[in-house]
Amino acid sequence: MNFTLHIWRQENAQAQGRFETYKVSGISPECSFLEMLDILNEQLINDNIAHPVCFDNDCREGICGMCGLYINGRPHGNDDGITTCQLHMRKFNDGDEIWIEPWRAKAFPIVRDLVVDRSAFDKIIQAGGYISVTTGGVPDANATPVPKRLADMAMDAAECIGCGACVAACKNASAMLFVGAKVAHLAMLPQGQAEAHERVKKMVCRMDELGFGSCTNTYACEAECPKQIKRQNIARLNREWIKQLFAGNHKPE
Amino acid sequence: MDNNKIIKISSITKKLLVALFASFLLIFLLFHMTANLFILAKDGGDAYSAFCHFMGTNVFVKVFEVVLFGCLILHLCLASYLWFQNRRNRPVGYHKPSRTKTGKGSKLMMITGSLLLVCLIFHFYDFYFVKLNFVKGTYMVKTEDFMVSDPSMEVSEEAQQTFMQLINEGKTSKDMQWIREISDEQRDVLQAAFPEAEFEPDFYHMARQKFSVWHIVLCYLLFFAVVGIHIRHGFQSAFQTFGLNHYKYSRLIEILGVVYTWVVILGFAIVPLGVFLGL
């Protein structure tokens, strides 16, 4: 298969970026999108044409959340519930023009080419996406009973891999689905109860400070989430926030 | 955390307030729509005018009116503020337009909202500003306001003629309690002679006059269509913002939103259409 690629090239965060056009040929339909980019980069290096295209990737099996490209107007490309590394060239037609852009958000500055700095997500987690426990002996597996249904729901929310597709897809660059998933999976478990009020307060305030937008309930995030995290988690976040507003009377630290 | 600001309102709280004010407006819309249906009653406007008189004079309604305008202004101020803030969160946009599958209405809230504001100003110009005496309209007054208690009071010839003209033209209600469809000039003449008389806007006849013109009817129908698009998304969006999303009831809320939207816009649309078609 042959493709014409329009790829966003940008030297660094400050530099002026632009689209460059490259042609790749002889691509197998079974090739993954990232492998196709590997082939392109090999060409660029071997033929000494340009600096290879920088893009984030790690596990290449859809569980690490590193890869993230905005392909032809959709985060992670034109398929549902997949990451970019799980996108295969058979999803395209021979001779297609493919536009590849980085995530666009104030909170995700471009590092180089298609690589963006997603440490804003880490900062939100650091603000409260954890439970404080004193380390010691490993507790018994069933010492804290959790009903199966709740455990499943918490697990569904905890599936979030923090890839940032929700922010990339949202017209407001809002991180509500990410924060919703992170707040919800702890809010549904007994271990998360003690710090529930403080957690949602700190995480939402951090989210606002970092320059993420507010939610307008468009649900583009849900449509593009590779782990298919549900909008119900955003509602749960709103619920936790309301609870915190009225019941979160802790002394500030 | 940034503790420099004394009052810090988070994005979620702002959204909650937008949804809260909007809920109030949604309830009002249903009320307004129901009241409008009286215009179609075949009683010469008795019921609708009695309702308007109550709405124009009751103390609780006046308080409610202030609350309503407060909600409207705060709703649009907060929503616009959030919109401008959201625009700043993606300084460089995408080259390729989004192909993510989402509802259209949800992305058009700012556009439909702005259109509604423009429509609302015209709607106020047509009706509400008459009540505030900003623009001229048609008026009604209680017949008893013309009872002369002081025999020495002189009533001008012109006022007497105007009064008799209104009576002869049959512009009284069936129970003779009200004189209606008084033009602006007639009001000025009568008011000069009877300073005590309290004139109220005659919304029934104003509506009937306006809705007999085809382009005004068309404008109002378009107005209701925009209302429909706006509340179609707004209704379920408010529930989501309040955190009321449930695996069982979310579908019901969605359906309720569609039903509500159609009931409201059809209820509104039937009045200008009905008047125009002579129902």
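Taken over C-alpha atoms, the centres of domain 1 and domain 2 of chain B lie 34 Å apart. Domain 1 of chain B covers 11–87 + 106–135 + 229–276, and domain 2 of chain B covers 139–147 + 157–201; such bounds come from an automatic or database domain assignment.

A word on the ground rules: this is a predicted model, in which local features need pLDDT of at least 70 and side-chain atom pairs count only at pLDDT 80 or more, while totals for chains, interfaces and linings use all residues. Residues are numbered from 1 along each chain as its sequence is written, and chains are lettered from A and ligands numbered from 1 in the order in which they are written.

Let's look at the two interfaces. Contact here asks for C-beta atoms, placed from the backbone, within 7 Å of each other.

| Side | Partner | Residues in contact |
|---|---|---|
| domain 1 of chain B, 8 residues | domain 2 of chain B, 7 residues | 8 residues with 7 residues |
| chain A, 40 residues | chain B, 34 residues | 40 residues with 34 residues |

On the domain 1 side within chain B, helix 2 (46–57) and helix 4 (109–131) each give two or more residues. Helix 2 of chain B supplies the largest share, 4 residues. Helices (H or I, at least four residues) and strands (E, at least two) are DSSP runs, numbered from the N terminus. By class, this side of domain 1 of chain B has 1 nonpolar, 5 polar and 2 charged residues.

Between the chains, the elements of chain A that give two or more residues are strand 5 (97–101), helix 6 (196–209), helix 7 (220–224) and helix 8 (232–247). Helix 8 of chain A gives the most, with 8 residues.

Methods: Contact = placed C-beta atoms within 7 Å. Nonpolar A, V, L, I, M, F, W, Y, C, P; charged D, E, K, R; others polar.
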